[in-house]
Amino acid sequence: MSVDTPAWKALVNHAAEQRVQHLRQLFARDAQRFERFSLQCENLLLDYSKQRISEQTMRLLRELAIECDINGWRQRMLDGELVNQTEGRAVLHMALRAAPAEILPRRGTNQVPAVQAVLAQMQRLCESVHGGSWRGFSGERITDVVNLGIGGSDLGPRMATRALAAWQQPDIRVHFVANVDGADLATTLADLNPRSTLFIVSSKTFTTSETLTNANSARQWLMAAAGESEQVSRHFIAVTANPEAAAFFGIAPENIFEFWDWVGGRFSLWSAIGLPLALAIGFHHFEALLAGARQMDTHFCSAPTEKNLPLTLALLSLWNNSFLQAGSHAVLPYSQSLELFPAYLQQLEMESLGKQVDRAGQSVGVDTAPILWGMPGTNGQHSFYQLLHQGGRLVPCDFIALKQADYPLPGHHPLLLANCLAQSAALAFGQTVEEARALGTPEELIAHKVFPGNQPSNTLVLSQLDPHTLGQLIALYEHKVFCLGVLWKLNPFDQWGVELGKQLATTLLPLVKGEGDASGFDASTRGLLATLHE
């Protein structure tokens with residue numbers, strides 16, 4: 001367990017001293033604090049000077065990273081070792097955005113040629129749809145694409161498509177349906193024309209119940225207009241590691257895009273899972289997204305410990321969560337286009353790290369993934385920021401800001417940035433009794449106008465929100481998750497907790513339909529079933 005190591009114990013002792021320090025004091029003692037605690041990687045700046053840390057904190061955290069063999073585990077991943085040991089799989093999502101001449105894994109069978117072949121297939125599809133040569137059953141060109149997937153087959157492309165709306169191609173509309181609730185699919189199809197709609201069924205196993213339920217309903221909707229089952233091939237594409245099941249569904253072999261078992265769903269945006277995004281923004285812009293992620297890969301694999309952005313983010317998250325006992329983490333993008341980024345990170349971080357068993361099957365010994373949440377500024381300022389300022393809970397934050405607006409309406413972006421900087425400063429430094437009194441606050445309101453501050457935060461500044469920088473940003477957080485897995489000595493690439501609910505749902509489905517005997521279930525479940533059948 002990490003908690004038994006000398007470096008961990010040294011951090012526990014250090015935290016007891018550092019916990020009483022206030023960010024006001026830390027900044028007052030060090031005029032060079034920003035320069036000392038900020039890092040730059042191409043188009044991205046990380047300012048972590050508002051974290052409750054000192055140089056000693058960072059030294060001890062980096063010693064822990066060395067003790068946990070962060071470099072060795074990174075090399076094992078690059079070499080194609082089965083670092084996802086509970087599922088017996090390699091972890092090679094970096095191969096999805098590798099340059100054609102690269103070799104990944106570095107030992108064993110090079111997967112890059114297979115990836116490049118699928119990318120070429122994606123490019124051909126995008127060009128045929130955008131160029132108008134792909135036609136529906138009645139000869140009309142495709143105007144709408146509906147992605148049917150859930151989890152990693154939905155959140156990544158949905159988030160990125162929303163983030164890059166300013167790069168949207170004018171001749172196509174892309175929609176996403178994930179929820180098995182009929183309201184999701186029905187409301188999406190209500191405004192679409194079956195003659196010009198293309199469906200992408202994204203499922204690694206092609207057995208995901210929610211996705212296949214939606215796909216079958218979409219096929220029925222299409223056949224009601226087309227009248228012949230063979231017309232399905234003109235309107236359905238599959239992204240899967242189970243091509244046989246996709247073919248049985250009725251999808252033509254040439255419209256099945258390969259997916260590999262060494263790609264975890266929440267790390268799959270860069271594969272054919274990103275096809276709806278490529279259709280939305282154009283394949284050349286999708287290639288720019290891959291290039292941005294590849295640039296962050298190069299940085300992560302080559303930058304020294306003290307300059308490594310993903311490792312630094314991971315160490316700060318570990319410090320706040322395991323040593324300062326922060327139970328949640330807010331992600332606050334000051335960009336409406338990044339409104340889905342917190343939801344995307346919820347899966348990436350909490351599904352990866354929400355575990356209490358380490359690689360050896362032993363208890364980790366500490367809380368791991370914090371509860372991640374957030375929404376765009378400035379909307380959040382009129383929602384939950386009150387709790388951040390005066391709620392008494394320690395909530396570390398990631399502020400994300402853009403130098404240049406993707407929608408540059410006059411007067412909007414300076415006001416947005418001013419709010420971002422103001423909130424990070426207010427959370428860090430607060431307001432004292434004396435400061436409130438100096439502002440002329442009536443004595444009876446003084447207590448209400450005191451803000452304790454000392455809330456730690458990072459600020460990430462992107463040059464702009466384009467495909468390249470978005471690729472950098474996503475890969476930054478991917479590598480952060482990998483590092484935290486090493487630091488907590490757990491496997492961030494499985495998700496057994498997800499499977500339990502699926503198993504129970506399969507067992508309960510006939511009972512919900514009124515079939516079978518519910519006597520083996522608990523009293524609550526039996527009572528709820530009875531209520532549903534009244």
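Guide: A salt bridge is a side-chain nitrogen of Lys or Arg within 4 Å of a carboxyl oxygen of Asp or Glu. A search of this whole structure, which is a predicted model, finds 17 of them.

Visitor: What makes R89 and E87 a salt bridge?

Guide: The closest N and O atoms of R89 and E87 are 3.7 Å apart, and the cut-off is within 4 Å. The pair therefore counts as a salt bridge.

Visitor: Why is R89 called partly exposed?

Guide: Buried means under 20% relative accessible area and exposed means over 50%, with partly exposed in between. R89 has 27% relative accessibility, so it counts as partly exposed. Its partner E87, at 24%, is partly exposed as well.

Visitor: How do you know that D297 and R97 form a salt bridge?

Guide: Their side chains meet at 2.7 Å, N to O, and the limit is 4 Å. D297 lies in helix 12 (residues 283–302), and R97 is in the loop between helix 5 (70–79) and helix 6 (112–131), so this salt bridge ties together parts that are 200 residues apart in sequence.

Visitor: Are D297 and R97 buried or exposed, and how do you know?

Guide: D297 has a relative accessible area of 7% and R97 has 0%. Buried means under 20%, so D297 is buried and R97 is buried.

Visitor: Which residue in helix 18 is linked to R97?

Guide: That residue is E478. The side chains of E478 and R97 meet in a salt bridge of 2.9 Å, N to O. The two residues are 381 residues apart, and both are buried. Elsewhere, D30, R36 and E55 are joined into one network by salt bridges that share partners.

Visitor: Why is Q347 called buried?

Guide: Q347 has 11% relative accessibility, and the cut-off for buried is under 20%, so Q347 counts as buried. Q347 is found in helix 14 (residues 341–353). Leaving aside residues up to four places away in sequence, Q347 touches G151, G152, L155, R266 and S352.

Visitor: Which residues touch the most other members of the largest nonpolar core?

Guide: They are M122, F341, L470 and Y477, in a core of 118 residues. Helix 18 (residues 467–487) gives the most to this core, with 12 residues. Apart from this core lies another, of 22 residues, including F137 and L192.

Visitor: What does L470 touch?

Guide: Not counting residues up to four places away in sequence, L470 touches M159, A160, A163, L164, L289, L338 and L465.

Visitor: What makes strand 3 and strand 5 a pair?

Guide: Two strands pair if there are at least two bridges between them. Five bridges join strand 3 (residues 144–148) to strand 5 (residues 197–202), so these strands pair. They run parallel. N147, for one, has I200 in strand 5 as its bridge partner.

Visitor: Why are strand 4 and strand 7 said to stand at the edges?

Guide: The five strands form an open sheet in the order 4-3-5-6-7, with parallel pairing. Strand 4 (173–177) and strand 7 (256–258) each have a single partner strand, so one side of each is left without a neighbour in the sheet. The twist averages 20° from one strand to the next.

Visitor: Which helix packs on the sheet, touching strand 5, strand 6 and strand 7?

Guide: Helix 6 does, and its direction makes about 145° with that of strand 7.

Note on methods. Residues are numbered from 1 along each chain as its sequence is written. This is a predicted model: local features need pLDDT of at least 70, side-chain atom pairs count only at pLDDT 80 or more; totals for chains, interfaces and linings use all residues. Side-chain values use heavy atoms; hydrogens and water are left out. Helices (H or I, at least four residues) and strands (E, at least two) are DSSP runs, numbered from the N terminus. Buried means under 20% relative accessible area, exposed over 50%, partly exposed in between (1.4 Å probe, protein chains only). Contact means heavy atoms within 4.5 Å. A nonpolar core is a set of buried Ala, Val, Leu, Ile, Met, Phe, Trp, Tyr and Cys residues joined through side-chain atoms within 4.5 Å. Axes are lines fitted to C-alpha atoms, for helices over the stretch in contact, and angles run from 0 to 180 degrees between N-to-C directions.
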